[in-house]
Amino acid sequence: MIIEKIELVNFMCYHGKDNVMDFTEGINVIIGDNGYGKSKLYDAFYWVLYDQVFVPEKKEFQNTKAVKSKIISDKAKADAKDGKVSASVSITFHNLEKDNVYILERKYTANIMDGKIMETNDSEFTIMKKDLSYLNAKMVNDEEEKRRIVSNILPPKMKDYLWFQGEQVESIIDFNKQDTLTKAINVLSSITRYDELKEIAIAAAKSGNTEYDREVRRLSKDIDKSEQLGKEKTKLEERIADLQKDETEVIENLSRAETRCETLLNKQADAQKVNELQERKKGVLKLLNELNETLKEEQFSFHGKMFRNKWVLKGTESLHAEFSNRFIAYENKKLEKAAETKAMLTAESEIVKKLQTRLPLDVPEPIYVQRMLDEEKCLVCDREAKKNSDAWQKIKELIDRPDIKLKSTDSEPIVKQNFTDDFKRLYQNGLALTHRIEEIDSDIKDTLKKISNINAKIRDANKEMNKVEEDIQKLLSDTSLTSEDALDILNEYSIQNKKARDFKDEQNKITQQIEHFKTGLRSVNDQLKELVTGEIPKWLIEKKDVLNDFEIIAGNTRERVFNNLITQLEKEANGHYEAMTSGNKSARGQIKLRRLPNGNFMPEIIDNNGVPLLGSNTSNLILVKLATIMAIISAKSNDGVVSFYTLITDAPTSVFGEDYTIGFCKTISKVYRQSIIMSKEFYKNQNLRTELLTNSEIKIGKVYTITPSIPETERSNRNNLSTKIEALN
Amino acid sequence: MELLKKIKDKAPEYNSQHEEFILRFTVGQGGKAGSAGEEATFEQGKQFSTKFEIFMYATLLGLKNNYRLPIPENARKISFMYYIKHWQPVDLVDFILMGLISKLDIDFNELENKDDKEIEKEILNLRKLMEEYANGGFDKIRSKLESEPSFFVNNDNCFLDLLEEK
């Protein structure tokens, strides 16, 4: 049965009647970016068969009753005049084996009155059946037959594995639910028949044993004793049954704890890494802060050093030299003047020394001395003293003497101002600073070197910080862990690990108890046997033995068949996993379906030595799940499942990235006769698109692009929204 | 008479046309008074904590390059609120005064022979000299700003580098 065609009329963003897509065998791809209408197309398929669409806000599928006129294109509603407006989707299924066609159509109609929408609750569902040997299609009216046809097209138990959205992959194969695979196997195989057989065998063995026990009691030589032993036996059997129940429960718990441990162990390695990286980040951050603080201090003081360390004086040595010259000249001149004065004073004092010093000052009084000079005669000794003669000069000295004396005793300063101290201070200060100027270059160099060293250290620390951040981010995105999660995981792991150990201890204890009671039971059976007087009929013994053997064989057979299925599933899953990961070297290991204590199986990735790989990234886990889903389907290829049903999936590749996309398409086109996938990976990446269309290993069907008339970001008003469908091949 | 004391009791003026870049490189707060800490200077991306610092820098730049530029008569002048005696560090202030005094066109010995009134005149000459050398320095900064604005952007050493330029 393949899908030949889907036609959408006014369905959500698919406005109008021209929304038709034909499909063929192989992989059919609908390409569109986020918000372009891929999921609405998936909805269209789902709506026709199940009367439900996916409501993103609620994250669940809801019936037409709940969404009502939201199914109808906004543009169709806006354009509609009063009257009816409807949305419909029809899908044409072609059963190639029987050469007949089913056209399934669902339609929702609303009334518009005065521009207001009057919603109805239900959609109409019609099926047209057409044998290709006949011209006309026939409408199927019988509801029961309609249900049967839908169920044939997509059996409910298969639905989850054939029609799914990318984000559902997680829940279809849920690693946290240990019975996921068992359920899938139950759905897809006849294993339940073996379970029934096992039940029958257990019941038969029980009835054989009861009949035998009755005979043993009947032939007893001591009825009372037998009666008592019989009661004891029943009690022991009940006790054993109770303990077995407890054992089953403990084993269940143990399985759960071990599974949880296993899951956590997977994450624990990552969590440990995240934790270590966080610690490293803290360390680097501390170092960075210290370095930044030091740098800041250096930078603060750098500006200050311009003045504090006198860097501003760089290259100003000449100023002091200039001043120095002038100062020296000044000093010299001053010294010269001082020397001159001194010399003059010395000369004066010499003169004074030679002066008439016998007479006290003003003796004789100056008027008499002047008279002597005028008369050119000494009035004291009455000798002649001609003008300008030595005698006359001597007399004159008596008048001049006060002047000479005045000069020598004069303490009045040489200059009006004395700036010596100021000039000296400037000179000395300049001298001291000039010595500092010589050191400025090396001081600046040292400071710059220090800053440059700190900067280099900061750069290194930043680099390391980026690396750690990058590692953390990569780890977080690979593992979908947050730092808090990581801590939680580490804590929970130790809790679950302890739980698992406790359950194991409990299980051992119960097993020992069961063994103890079974020993008691054997002893009671032996005692009962000893009380038998006659002979137990041989046929009865044989019957009991055969039925007990049958119970064992039925159990073992069921186990063997189930294990074979698991082996086959594992083989298929690995085939798909390898095919899908062939394009990417980082994918690693192989899928192993590990048996849990309670008989369930869990998928895990192991390396070549059978050691589970811890910390596998999200892409890998999703691929394992997809491979497992495909395996569930492809393992049934003998039953024609793969050739009969179409895989429809929305954005299955979005979760693991472009590297695996081609591998996925190759595998899909090998496993399924027909598949329809919606993908954005081929939207932007032209190389990927070309490869999809040309790779000979991909059996390609029809490829379409869908484009909305208004980009998603500008869709405040959807009344003009329509979707353009273009065929690429 | 104490010459230095007299000189330091003066406050020089500068051409208001430089005010824009003075403010750009000097911490706004405490500008004229000038007492911003090193941290504030750095965090504000400024190079000088006070206006007198940039003035001292400009004077030294002028002196070093022997570039003296009179402030035009009609220019609006801005005066420092604080006398030179309040400027810091004192040894730098003295160094600048030393440089200026040696540029004075008068013999030191003759200076000592002048009376107070004449000395006062010489001190005013010295202040003018200081203003002219500072104006020369400011002019060099201005022309650098105009010819190579990027020189002052993201360069902590710009004023240090400017000292080395001829």
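Does Lys314(A) count as buried or exposed, and at what relative accessibility? In this predicted model, Lys314(A) counts as buried, at 11% relative accessibility. The legends below begin with this residue.

**Figure 1. A salt bridge between Lys314(A) and Glu164(B).** The closest N and O atoms of the two residues are 2.9 Å apart. Lys314(A) is situated in the loop between helix 9 and helix 10 of chain A, and Glu164(B) belongs to helix 8 (residues 158-164) of chain B, so the pair joins two chains. The partners fall into separate accessibility classes: Lys314(A) is buried because its relative accessibility, 11%, is under 20%, whereas Glu164(B), at 48%, counts as partly exposed.

**Figure 2. The interface of chain A and chain B, seen from the residues that form it.** In this view, 45 residues of chain A are in contact with 47 residues of chain B. The two chains bury about 4400 Å² between them, and carbon and sulfur atoms account for 64% of that area. On the side of chain A, the greatest losses of area to chain B are those of His303(A), Phe307(A) and Arg326(A), which together make up 17% of what that side buries.

**Figure 3. Polar and charged pairs across the interface of chain A and chain B.** Six salt bridges are found by the rule across this interface, one of them being the pair of Glu164(B) and Lys314(A). The rule also finds 20 residue pairs in polar contact there, with both residues at pLDDT 80 or more. Helix 9 (223-308), helix 10 (317-354) and helix 13 (420-479) of chain A are the elements that give two or more residues to the side of chain A that touches chain B. Helix 13 of chain A gives the most, with twelve residues. By residue class, this side of chain A divides into 20 nonpolar, 13 polar and twelve charged residues.

**Figure 4. Chain B as a whole, for orientation in the views that follow.** Chain B contains eight helices and two strands, and its elements run α-β-α-α-α-β-α-α-α-α from the N terminus on. Of the 166 residues in chain B, 57% are buried. Among the contacts in chain B between residues at least 6 apart in sequence, 74% join residues at least 24 apart. The accessible surface of the chain comes to about 7400 Å², with 44% belonging to carbon and sulfur atoms.

**Figure 5. A salt bridge between Asp9(B) and Lys85(B).** The side chains meet at 2.9 Å, N to O. The pair links distant parts of the chain, with its residues 76 apart: Asp9(B) is in the loop between helix 1 (3-8) and strand 1 (13-15) of chain B, and Lys85(B) is in the loop between strand 2 (77-79) and helix 5 (90-103) of chain B. Asp9(B) counts as partly exposed at 27% relative accessibility, and Lys85(B) is partly exposed with a relative accessible area of 45%.

**Figure 6. A salt bridge between Glu148(B) and Lys144(B).** Here the closest N and O atoms are 2.7 Å apart. Glu148(B) is partly exposed, its relative accessible area being 33%, while Lys144(B) counts as buried at 11% relative accessibility. Elsewhere in the model, salt bridges that share partners join Glu25(A), Glu97(A), Arg673(A) and Lys699(A) into one network. Over all chains, the count by this rule comes to 48 salt bridges.

**Figure 7. The surroundings of Asn135(B) in helix 7 (residues 116-147) of chain B.** Asn135(B) is buried, with a relative accessible area of 4%. Its side chain reaches the backbone oxygen of Pro70(B) at 3.5 Å. Leaving aside residues up to four places away in sequence, Asn135(B) touches Asn15(B), His18(B), Leu69(B), Pro70(B) and Ile71(B).

**Figure 8. The surroundings of Phe164(A) in strand 11 (residues 163-165) of chain A.** Phe164(A) has a relative accessible area of 2% and is therefore buried. The C-alpha atoms of Phe164(A) and Ile648(A) are separated by 6.6 Å, although the two residues are 484 apart along the chain. When residues up to four places away in sequence are not counted, the residues that Phe164(A) touches are Tyr42(A), Val169(A), Ile172(A), Leu626(A), Ile629(A), Leu647(A), Ile648(A), Thr649(A) and Asp650(A).

Methods. Residues numbered from 1 in each chain as written. Chains lettered and ligands numbered in written order. Predicted model: local features only at pLDDT ≥ 70, side-chain atom pairs only at ≥ 80, totals over all residues. Heavy atoms only, no water. Helix = DSSP H or I, 4+ residues; strand = E, 2+ residues; numbered from the N terminus. Buried < 20%, exposed > 50% of the residue type's maximum accessible area, 1.4 Å probe, protein only. Contact = heavy atoms within 4.5 Å. Areas by Shrake-Rupley, 256 points an atom, 1.4 Å probe, with all protein chains shown as cover. Buried area = accessible area lost by both parts, 1.4 Å probe. Salt bridge = Lys/Arg side-chain N within 4 Å of Asp/Glu carboxyl O. Polar contact = N/O pair within 3.5 Å; in protein donor to acceptor, adjacent residues only side chain to side chain. Nonpolar A, V, L, I, M, F, W, Y, C, P; charged D, E, K, R; others polar.
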